[in-house]
Amino acid sequence: MAFFGNDYLAGCHPAIMERLAATNLEQTAGYGLDPYSESAREKIRAAVRDERADVHFLVGGTQTNAAVIASILRPWQGVIAAETGHVATHETGAIEAGGHKVLTLRSTDGKLTARQVHEYARYYQTNPAQEHLVQPGMVYISHPSELGTVYAKAELQAISQACREHGLALFVDGARLGYALHAQVSDITLPDLAGLCDVFYIGGTKCGALFGEAVVICNDAFKPHFRALMKQRGALLAKGRLLGLQFDTLFTGGLYTRICHGALAHARRIRQAFEAKGVAFHGESNTNQQFPILERRQADYFVREFGFADWEELDGRHVVRYCTSWATTAQQVDELLRAIERL
């Protein structure tokens, strides 16, 4: 049975599994100080065109978000995010548990705007009760967003400029970044992220790795002692080579982007099939996450038979989410298309 509930259902790309097996009994230094991790760092620095970038490997997205945010904010500061942002909705208060408030702003498409950043920063800066408020210290966005939408380069440039104007760090969650690195999806490249953000991460868990995320720190001010923070947060993996080797494989021969591009094509095929049956979609996603709007009976069927996520109720109908991934096959898509045809 084909399932489309999320983009981390499968294990890892076979090339990674082969290398993990081939190197299984090797003995290397721990904590990411091994040759495979160093090779991965060099490949990522080349890909982002920043030879001075610090690159660190962590296990998962929530751990990464919590560690990066804790490393940047002072105790009285919070992080600005869209109200639908992952740190605000699907991390069980991980940021707040670390002592920092998520300052949520309304968003209909999962994205923040430069204007919102300006307005919130000015609200704080001009407030006479400033010492009683949580100070915004950074901005968190994800690319793609929780709703599958992406930023254009001009939008990211404007947000970056707003952050610099107000002394805010800019952090980009790239858990699904591989599905946005396509010219037909967004004009933002890895070098753009390195040039416009203080910190971002390249998602592996949802983009072909067994597990793992690669944090890229571009701002010199945030580089010192990050490994100490990782250790304190339980994020410094003793068998660090298991992470480094995976990213070394993903960043060899363009594998990372190539396998994610296939998922985009599959998602478009499925969307076109739904649209041909008169099904509307919620939001403007053009990535691997899509949100068809179905009647209750239809929604129940696709949730039960194909693992769709029951997302939200909307005007008496139901928004469901399907995800394709690097591991989705044409045969799985064909199976789903046959079911859609019977609507």
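L9 sits in the segment that comes before helix α1, which spans residues 14-22. Keep in mind as you look around that this is a predicted model. Is L9 buried or exposed? Its relative accessibility is 52%, and exposed means over 50%, so L9 counts as exposed. L9 also has company at the surface: together with M1 and F3 it forms a nonpolar patch. The accessible area of M1, F3 and L9 together comes to about 340 Å².

A little further along the chain is C12, and here the picture changes. C12 is buried, because its relative accessible area is 11% and the limit for buried is under 20%.

Since C12 is a cysteine, you may wonder about disulfides. How many does a search of the whole structure find? The count is zero. For C12, the nearest cysteine sulfur belongs to C207 and is 13 Å away, and C12 is in no disulfide. C218 is another cysteine to look at. Why does C218 form no bond with C197, which holds the closest cysteine sulfur? The two sulfur atoms are 7.2 Å apart, which is too far for a bond, because a disulfide needs the sulfurs within 2.5 Å. C218 counts as buried too, with a relative accessibility of 14%.

Now let us move to helix α2, which runs over residues 35-48 and contains S37. With a relative accessibility of 0%, S37 counts as buried. Which residue does the side chain of S37 meet in a polar contact? The partner is the side chain of D34, at 2.7 Å. If you set aside the neighbours within four places in sequence, S37 is in contact with G32 and F57, and also with G240, R241 and G244. It is worth finding these residues in the structure to see what surrounds this buried serine.

Our last stop is L181, in the loop that links strand β5 (169-173) to helix α8 (190-196). Although L181 lies in a loop, it counts as buried, since its relative accessibility is 13%. What does L181 touch, leaving out residues up to four places away in sequence? Its contacts include I188, T189 and L190, and further ones are Y256, T257 and H261. The pairing with H261 is a nice one to trace by eye: L181 and H261 are 80 residues apart along the chain, while their C-alpha atoms are separated by 8.2 Å.

Key
Residues numbered from 1 in each chain as written. Predicted model: local features only at pLDDT ≥ 70, side-chain atom pairs only at ≥ 80, totals over all residues. Heavy atoms only, no water. Patch = residues over 30% accessible without salt bridge, like charges linked within 9 Å, V, L, I, M, F, W, Y side chains within 5 Å. Areas by Shrake-Rupley, 256 points an atom, 1.4 Å probe, with all protein chains shown as cover. Salt bridge = Lys/Arg side-chain N within 4 Å of Asp/Glu carboxyl O. Helix = DSSP H or I, 4+ residues; strand = E, 2+ residues; numbered from the N terminus. Buried < 20%, exposed > 50% of the residue type's maximum accessible area, 1.4 Å probe, protein only. Polar contact = N/O pair within 3.5 Å; in protein donor to acceptor, adjacent residues only side chain to side chain. Contact = heavy atoms within 4.5 Å.
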